[in-house]
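Subject: The structure we talked about

Hi,

Here is the structure I promised to pass on. Have a look at it first, and then read my notes below.

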Amino acid sequence: MTDVIIGPSASAEGSRTPRRAPLPVRLARTYRSEIAIAAAILVILVVVSFWSPHVLTWGNLANIAQASAPLILMSLGVFLVIATSGIDLSVGSTFSLTGMVAGLALSSGLAWPLACVASLGVGLGVGAINGGLVTFAGLAPFVVTLITYAIGGSLAFVITDGHSIAILDPDFWLLNGGEIVPGVANFFLFCAVAVIAVELALRKLVLGRWIYAIGSNDKAARLLGIPVRGVRFGVYVASGLAASFASLLSLSYISNSEATSGANLMLQAIAACVIGGASLFGGTGSAIGAMLGAVMITVIQNGVNLVGINSFWQGAVTGCVILIAVLIDRVTKLRS
């Protein structure tokens, strides 16, 4: 009798667990939109370099990174609100008001770390007011944050009678340009830590799933037992604090506080989130996308200045980029 060699059965083959794709492949699949945005940023830099070779120098790239840091931090806070299907229009006036409060505190002789702590209370207060009125009073986020935007912008003028404040503290620059970690400027460190922390929280923690669930369908989230009010209140507070810290970082960089410093940043922060893939209806997007959106806006502004185009065209160029990003997102969703 001939021996028969029996190989693995079909059922055994079918029961095998499929191999996991390598980490680079999984990251590429997860962050396809973000990779496309990063590629678009590189294309913009290369195209602008034909008109101005200075664009790709290390000094200019460092300037872009430093100039984009406040917008990145603000965009992260705004993104958390947008991810829950909300909106925060008050971040620009919070930025301005924080700068004026910090300027007054520093000019009165308060040590800069204490002035920073006191100024962060502005963001905490504005965020708490927004969150409380939206979550507990049941008012529309657009209306609430529009009101706090108007009040905050007015107070920024009132407390200093519209005058700018020069920062004379010789050590305040350390907040932005110092080095907690040797060889790494603080502005870069703060942005990197914030982006990584928010992204990991959204991807790995239950809180992140709650934020996306609330943005997708808040009624279903309530039925699942998710603390919708608490989460929404928290993201508005986080947005206010992010705007305040962004203001302090910017103030440390330019050493001058103005009541109109945050006038255009609200639109830029929302634009950064949209360019980065966030939907204004909530439930989508990433912290990395918001960061890249902020960098793209800064790169566009930098390119407009270097090429010699009138600065008044910056808004129009940014608007066109937002339109293209929204159309691409729309087409992608229709295809899927």
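Let's start with a puzzle: which side chain meets that of arginine 203 in a salt bridge? The partner is glutamate 199, with a distance of 2.9 Å from N to O. Before going further, keep in mind that this is a predicted model.

Why do these two sit about one turn apart? Both belong to helix α9, which covers residues 186-204, and they are four residues apart there, so about one helical turn separates them. Their surroundings are worth a look too. Arginine 203 has a relative accessibility of 35%, so it counts as partly exposed. Glutamate 199 has just 5%, and since buried means under 20%, glutamate 199 counts as buried. As a general point, side chains of opposite charge can pair when their charged atoms come close.

The overall picture

Now zoom out. The protein chain has 336 residues, and 43% of them count as buried. You'll find 15 helices and two strands in it. Along the principal axes, the C-alpha atoms fill a box of roughly 105 × 55 × 40 Å. The accessible surface comes to about 17600 Å², and carbon and sulfur atoms account for 69% of that.

How much of the contact pattern joins residues at least 24 apart? If you take the contacts between residues at least 6 apart in sequence, the figure is 76%.

As for charge, the chain carries 16 positive and 12 negative ones. The mean positions of the two groups are 17 Å apart.

More salt bridges

How many salt bridges are there in total? The count comes to three. You have met one already, and the others share a residue: Asp218, Arg222 and Arg232 are linked in a network.

Take arginine 222 and aspartate 218 to begin with. Their side chains meet at 3.8 Å, N to O. They are four residues apart in helix α11 (residues 218-223), so here again the separation is about one helical turn. Arginine 222 is partly exposed, because its relative accessibility is 44%. Aspartate 218 is partly exposed as well, with a relative accessible area of 23%.

Aspartate 218 also meets the side chain of arginine 232 in a salt bridge, at 3.6 Å from N to O. This pair links distant parts of the chain: aspartate 218 is in helix α11, while arginine 232 is 14 residues away in helix α12 (residues 228-254). Is arginine 232 buried or exposed? Arginine 232 is buried, because its relative accessible area is 14% and the limit for buried is under 20%.

The nonpolar cores

Next, the inside. The largest nonpolar core has 75 residues. Ile41, Met74, Val78, Phe79 and Ile270 have the most contacts inside it. Which helix gives the most to this core? That would be α4, with 13 residues.

Try clicking on phenylalanine 79. Leaving aside neighbours within four places in sequence, phenylalanine 79 is in contact with several residues, including Leu202, Tyr212, Cys273, Ala287 and Ala290. Apart from the largest core lies another one, of seven residues, among them Val122, Val126, Ile165 and Ala259.

Two serines and an alanine

A few odds and ends. Serine 85 has a phi near 70°, a positive value in a residue other than glycine. You can find serine 85 in the loop between α4 (58-83) and α5 (91-107). At 30% relative accessibility, serine 85 counts as partly exposed.

Serine 255 also has a positive phi, near 55°. Serine 255 lies in the loop between α12 and β2 (256-257), and with 32% relative accessibility it counts as partly exposed.

Finally, go back to helix α9, where alanine 197 lies. How far is alanine 197 from alanine 287 in space? The two are 9.0 Å apart, C-alpha to C-alpha, although 90 residues separate them in sequence. Alanine 197 counts as partly exposed, because its relative accessibility is 43%.

That's my tour. Write back with any questions!

Cheers

Key. Residues numbered from 1 in each chain as written. Predicted model: local features only at pLDDT ≥ 70, side-chain atom pairs only at ≥ 80, totals over all residues. Heavy atoms only, no water. Buried < 20%, exposed > 50% of the residue type's maximum accessible area, 1.4 Å probe, protein only. Contact = heavy atoms within 4.5 Å. Areas by Shrake-Rupley, 256 points an atom, 1.4 Å probe, with all protein chains shown as cover. Lys, Arg positive; Asp, Glu negative; His and termini not counted. Charge placed at Lys NZ, Arg CZ, Asp CG, Glu CD. Salt bridge = Lys/Arg side-chain N within 4 Å of Asp/Glu carboxyl O. Core = buried A, V, L, I, M, F, W, Y, C linked by side-chain atoms within 4.5 Å.
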